Amino acid sequence: MTPKHQVLLIAFFIQETLNALGRQGEQIIIKAICEYGEGRGKRMANKALKDGRKNDLLSFLLYGEIEWSDTGNKFKIAQRKPFFRVNAQKCFWHEIWTKNNMQEVGRIYCQDIDRAIMKGFNPDLNFDVPQNMNDGSSHCVFNYRDWRLEFFDLIKFVFKKRKAKKKAVEPWSFHCIDVYEKFSNVIIREAGEDGKPIIDKVTKRFTEEFGEAATIFLTSAESIQV
């Protein structure tokens, strides 16, 4: 599977939940996004802990699960002091959603996902996202307010990233199944009997977009553990 599988799967869940349940659906999908994000953050923290690393911002940056080179995302260090700030100047998720007239998907997803990941990793770290491309901004801004990027931190990051990446990055099949399971579980839990038709529609759209084989893999409980 590829980043496009994950991006459109998220979109299908958000759209079908909103179509079925309206405002209630938005609250349910926000819960799904937050639980999904917090789960990613917790896995990152556990991997860092196994390597004997502190649960700090350097570890957060080292143990991200996404292979960014697959997406074409472009990040730029905007400032190192008095706190660390990164700008995202290009985003694959934003591009796909915009191309497919799914701007509402981006608005809902991006208002919570990054903060949820950080909360799962370490809720005590001071982090905020004051703007993102889905609210009409030219770029996304990520503020890591507890951390100054010192020269030696940058050196440590460069030398440790390759080693950490081997343990941290997960394949896109993992990410897709993680989305499918987390979102499905929350929708069923929160919407009850109204949840299953939503998941059926999401699955149908995924099959139409990517084929039956991809759907069989996605929905197989034995495919991967998340």
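Where is the place of Arg80? Arg80 sits in the loop between strand 1 and strand 2. Keep in mind from here on that this is a predicted model.

## The loop between strands 1 and 2

Let's stay with Arg80 for a moment. Arg80 is partly exposed, and its relative accessible area comes to 36%. Follow the chain from Arg80 to Phe151 and you cover 71 residues, yet in space the two are 9.2 Å apart, C-alpha to C-alpha.

The loop has another resident worth a look: Pro82, which lies between strand 1 (74-79) and strand 2 (84-90). The peptide bond that leads from Lys81 into Pro82 is cis, with omega near 5°. Most peptide bonds are trans.

## The largest pocket

Now for the largest pocket, which has a volume of about 990 Å³. It is lined by 40 residues, and the ones closest to its centre are Leu61, Trp68, Phe75, Phe142 and Tyr144. Sorted by class, the lining of the largest pocket holds 27 nonpolar residues, eight charged ones and five polar ones. Which helix gives the most to the lining? That would be helix 6 (residues 151-168), with five residues.

Trp68, one of the residues closest to the pocket's centre, belongs to the loop between helix 2 (57-62) and strand 1. With 37% relative accessibility, Trp68 counts as partly exposed. Trp68 and Cys91 are 23 residues apart along the chain, and their C-alpha atoms are separated by 9.8 Å.

## Rings that pair up

Aromatic side chains are another thing to look for, with a count of 14 aromatic pairs. Take Trp93 and Trp172: their rings are 6.2 Å apart, centre to centre, and with 45° between the planes the pair is tilted. Trp93 is part of helix 3 (residues 92-99) and Trp172 is part of helix 7 (residues 172-191), so this pair ties together parts that are 79 residues apart in sequence. Are these two tryptophans buried or exposed? Both Trp93 and Trp172 are buried.

There is also a cluster to find, in which ring pairs link Phe60, Phe84, Phe121, Phe127 and Tyr144. You have met Tyr144 already, as one of the residues closest to the centre of the largest pocket.

## Helix 8 and its two faces

Helix 8 (residues 195-210) is made of 16 residues. From its first C-alpha to its last, helix 8 reaches 23 Å, close to the 22 Å expected at 1.5 Å a residue.

Which residues of helix 8 are buried? They are Gly195, Ile198, Ile199, Val202, Thr203 and Phe206. These residues cover an arc of only 135° around the axis, which puts them on the same side of helix 8. Turn to the face that points away from this buried side, and you'll meet the exposed residues Lys196, Lys204 and Glu208.

## A backbone angle at Asn101

Asn101 is found in the loop between helix 3 and helix 4 (103-110). Its phi is positive, at about 55°, although Asn101 is not a glycine. Most residues other than glycine have a negative phi. As for its surroundings, Asn101 is exposed, with 63% relative accessible area.

## Helix 5 and the loop after it

Ile113 is a residue of helix 5 (residues 113-121). Is Ile113 buried or exposed? With a relative accessible area of 4%, Ile113 is buried. Its C-alpha is separated by 9.9 Å from that of Ala32, although the two residues are 81 residues apart along the chain.

Asp124 is located in the loop between helix 5 and strand 3 (127-131). Asp124 counts as exposed, at 67% relative accessibility. How many residues apart along the chain are Asp124 and Asn55? They are 69 residues apart, while 10.0 Å separates their C-alpha atoms.

Note on methods
Residues numbered from 1 in each chain as written. Predicted model: local features only at pLDDT ≥ 70, side-chain atom pairs only at ≥ 80, totals over all residues. Heavy atoms only, no water. 1 Å grid on protein atoms, 1.4 Å probe; cavity = no way out; pocket = protein on both sides within 12 Å on 5 of 7 lines; lining within 4 Å. Points joined across faces, edges and corners; volume = space filled by probe spheres on them. Helix = DSSP H or I, 4+ residues; strand = E, 2+ residues; numbered from the N terminus. Nonpolar A, V, L, I, M, F, W, Y, C, P; charged D, E, K, R; others polar. Phe/Tyr/Trp six-rings, centres within 6.5 Å; stacked < 30°, edge-to-face > 60°. Buried < 20%, exposed > 50% of the residue type's maximum accessible area, 1.4 Å probe, protein only. Expected span 1.5 Å × (residues − 1). Arc of directions from axis to C-beta.
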